[in-house]
Amino acid sequence: MFNMYLDDVPCSTYGLYVVRRPSIPAPIKRYKEHEVLGRDGKLYIDLETYDDIVISVELNYISDKNEWFKDFRKAKRWFLEKHHCLKFSDDKEFYRKIKKIEIGNNERNSINIGKFIVNFTLDPYEYLIDGNYYYSVDSLPYNYYCISHPCYEIKGEGRCVLTMNGNEMIVNVGQNVIIDTDLRIAYRIDGALNNTNVSGNYEDFYLNHGTNQIGISDGFELKIKPNWRCI
């Protein structure tokens, strides 16, 4: 049975069922347009970013006639909680990051059946489940996917130099630090912010498509959560 998951919880847990597999739009790439005097057409500059996408999912449910409103309130409460990931049962190796959820009108097709549409505004990328784990440097020689925004976990004590493709980041490590290139912050494993102990450009430490040269000072342990993603 086809199912939809929010943070790994299937909608069928709440008695909600996907009416049909949703259409998945391709993200639209962003360009800056310029009118050039004496030139036909426009000049387009690739901004190398994409717009969010919206996926609409139609759901229905069956209730006792005296529980119909109660069950819809339960569904609304679940959808309007804070969720991070959307996943479908026929594509379990990937998930999408949720930015916004909107619920449409609830149609009562009969005294027992309700039907409504949920619109998900999503990050344009699809993320690999396997990219959410930390790996040793030796196991990440090649990025087969799009450029990604990894997290670096460093353990040790003292001044550390992290290198990526010729770029350097200076890190004063007190037992441990996580460098999150997506949020552009540094913090300890316990969640305490640690930005002042890091000096460097977060963008220089994205994982490029292909081979990446990653290194660290002797005496420190480095693991990487790659956050692999595809368009």
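Let me start with the second largest pocket. Thirteen is the count here: 13 residues line the second largest pocket, and Ile24, Phe88, Asp90, Asp91 and Arg96 lie nearest its centre. Two elements each give two or more residues to that lining: β7, residues 85–88, and β8. The volume of the second largest pocket is about 160 Å³. Its lining splits into seven nonpolar residues, six charged and no polar ones. One caution before I go on: this is a predicted model.

Now the largest pocket. Its volume is about 860 Å³. The lining takes 34 residues, and the closest to the centre are Asp123, Tyr127, His149, Asp182 and Arg229. Which elements give two or more residues to this lining? They are β4 at 29–35, β5 at 42–50 and β8 at 94–103. The largest share comes from β8, with four residues. By type, the lining of the largest pocket holds 14 nonpolar residues, 13 charged and seven polar. So much for the pockets.

Next, enclosed space. How many cavities of 30 Å³ or more does the structure hold? One. The largest cavity has about 40 Å³ of space. Leu140, Tyr142, Asn143, Leu207, Asn212 and Trp228 line the cavity. Four of those lining residues count as nonpolar and two as polar, with no charged residue.

On to helix α1. It runs over residues 68–79, twelve residues in total. From first C-alpha to last, α1 reaches 17 Å, close to the 16 Å expected at 1.5 Å a residue. Which residues of α1 are buried? Trp68, Phe72, Ala75, Trp78 and Phe79. Looking down the axis of α1, you see these buried residues fall within an arc of 120 degrees, so they line one face of the helix. The general background is simple: an α-helix has 3.6 residues a turn, so residues three or four places apart point the same way. And what covers the buried residues of α1? The cover includes β1 at 4–6, β2 at 9–10 and β6 at 53–62. It also includes β8, β9 at 107–108 and β10 at 113–122.

Two single residues to finish. Take glycine 114. This glycine sits in strand β10. Is glycine 114 buried or exposed? Its relative accessible area is 0%, and the cut-off for buried is under 20%, so glycine 114 is buried. Set aside neighbours within four places in sequence, and glycine 114 is in contact with Leu59, Asn60, Tyr61, Trp68, Asn106 and Glu107. Trp68 you have met already, as one of the buried residues of α1. For a long-range distance, try aspartate 51. Glycine 114 and aspartate 51 are 63 residues apart in sequence, and their C-alpha atoms are 32 Å apart in space.

The other residue is glutamate 33, found in strand β4. That is one of the strands giving two or more residues to the lining of the largest pocket. Glutamate 33 has 45% relative accessibility. Buried needs under 20% and exposed needs over 50%, so glutamate 33 counts as partly exposed. Leaving aside neighbours within four places in sequence, glutamate 33 is in contact with Lys42, Leu43 and Tyr44. Last number: glutamate 33 and methionine 164 are 131 residues apart along the chain, with 33 Å between their C-alpha atoms.

Conventions: Residues are numbered from 1 along each chain as its sequence is written. This is a predicted model: local features need pLDDT of at least 70, side-chain atom pairs count only at pLDDT 80 or more; totals for chains, interfaces and linings use all residues. Side-chain values use heavy atoms; hydrogens and water are left out. On a 1 Å grid over the protein atoms alone, a cavity is a set of points where a 1.4 Å probe fits but cannot get out, and a pocket is an open set with protein on both sides within 12 Å along at least five of seven lines; lining residues have an atom within 4 Å of a point. Grid points are joined across faces, edges and corners, and a volume is the space filled by probe spheres set on the points. Ala, Val, Leu, Ile, Met, Phe, Trp, Tyr, Cys and Pro count as nonpolar, Asp, Glu, Lys and Arg as charged, and the others, Gly among them, as polar. The expected span of a helix is 1.5 Å times one less than its number of residues. Buried means under 20% relative accessible area, exposed over 50%, partly exposed in between (1.4 Å probe, protein chains only). The arc is that of the directions from the helix axis to the C-beta atoms. Contact means heavy atoms within 4.5 Å.
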